[in-house]
Amino acid sequence: MDQTLREQFDGLMTKYTELLTGETDEASKEKVQMWALYTYMSKSMPPLVKHWNEKYPDAKDGMKELIQEVRELNEKYREEQK
């Protein structure tokens, strides 16, 4: 993969994370990236995600926590912007 594309995509993820949560640090970007990809996969390939959830129940719980954390960060950020 082209390095320029990687850098440009990283910039996109940074801005997306900032607009969603108000944060731009690497940990926040990783959480948002996992949240976005998991959400997309659960909508585009539900049987795959269902299988993964059944195979790894601890990971499923971890994803639930991550999704809730991103949701809370987003709600908090939106309230601060009012």
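D10 has a relative accessibility of 35% in this predicted model, and it therefore counts as partly exposed, since that class lies between the 20% limit for buried and the 50% limit for exposed. Its side chain meets that of K29 in a salt bridge, with N and O 2.6 Å apart. D10 belongs to helix α1, residues 3–21, whereas K29 belongs to helix α2, residues 26–44, so the pair ties together parts that are 19 residues apart in sequence. The lysine of this pair is in another class of accessibility: K29 has a relative accessibility of 6% and counts as buried, because buried means under 20%. The contact is also part of a wider arrangement, as D10, E26 and K29 are linked in a network of salt bridges.

In total, the structure holds six salt bridges. Another of them is formed by K15 and E18, whose closest N and O atoms are 3.5 Å apart. Both of these residues lie in helix α1, three residues apart, which is about one turn of the helix. K15, at 42% relative accessibility, is partly exposed, and E18 is likewise partly exposed, with a relative accessible area of 28%.

Helix α3, residues 46–55, holds a further pair: E54 and K50 lie four residues apart there, about one turn of the helix. Their salt bridge has its closest N and O atoms 3.8 Å apart, and the pair qualifies because the limit for a salt bridge is 4 Å. E54 counts as exposed at 54% relative accessibility, and K50 counts as exposed at 53%.

Attention now returns to helix α2. Its N-terminal end is capped by D25, a side-chain oxygen of which lies 3.3 Å from the backbone nitrogen of A27. The length of α2 can be checked against expectation: at 1.5 Å a residue, its 19 residues should span 27 Å, and the end C-alpha atoms are 27 Å apart, so the two values agree. The expected value follows because the span is taken as 1.5 Å times one less than the number of residues.

The buried residues of α2 are S28, K29, V32, W35 and Y38. This list includes K29, the partner of D10 in the salt bridge described above. The buried residues of α2 pack against α1, α3 and α4, the last of these being residues 57–81.

The surface has a nonpolar feature as well. L37, Y40, M41, M45 and L48 make a nonpolar surface patch of about 510 Å². Helix α2 gives the most to this patch, with three residues. M45, one of the patch residues, lies in the loop between α2 and α3. With a relative accessible area of 48%, M45 is partly exposed, because exposed requires over 50%.

Helix α4 also contains R78. R78 is partly exposed, with a relative accessible area of 48%. The C-alpha atoms of R78 and T21 are separated by 8.1 Å, although the two residues are 57 residues apart along the chain.

Technical notes:
Residues are numbered from 1 along each chain as its sequence is written. This is a predicted model: local features need pLDDT of at least 70, side-chain atom pairs count only at pLDDT 80 or more; totals for chains, interfaces and linings use all residues. Side-chain values use heavy atoms; hydrogens and water are left out. Helices (H or I, at least four residues) and strands (E, at least two) are DSSP runs, numbered from the N terminus. Buried means under 20% relative accessible area, exposed over 50%, partly exposed in between (1.4 Å probe, protein chains only). Contact means heavy atoms within 4.5 Å. A polar contact is a pair of N or O atoms within 3.5 Å; within protein, one must be able to donate a hydrogen and the other to accept it, and residues adjacent in sequence count only if both atoms are side-chain atoms. Patches are made of residues with over 30% relative accessible area and no salt bridge: like charges are joined within 9 Å, nonpolar side chains (Val, Leu, Ile, Met, Phe, Trp, Tyr) within 5 Å. Accessible areas come from the Shrake-Rupley method with a 1.4 Å probe; for residues, only the protein chains shown count as cover.
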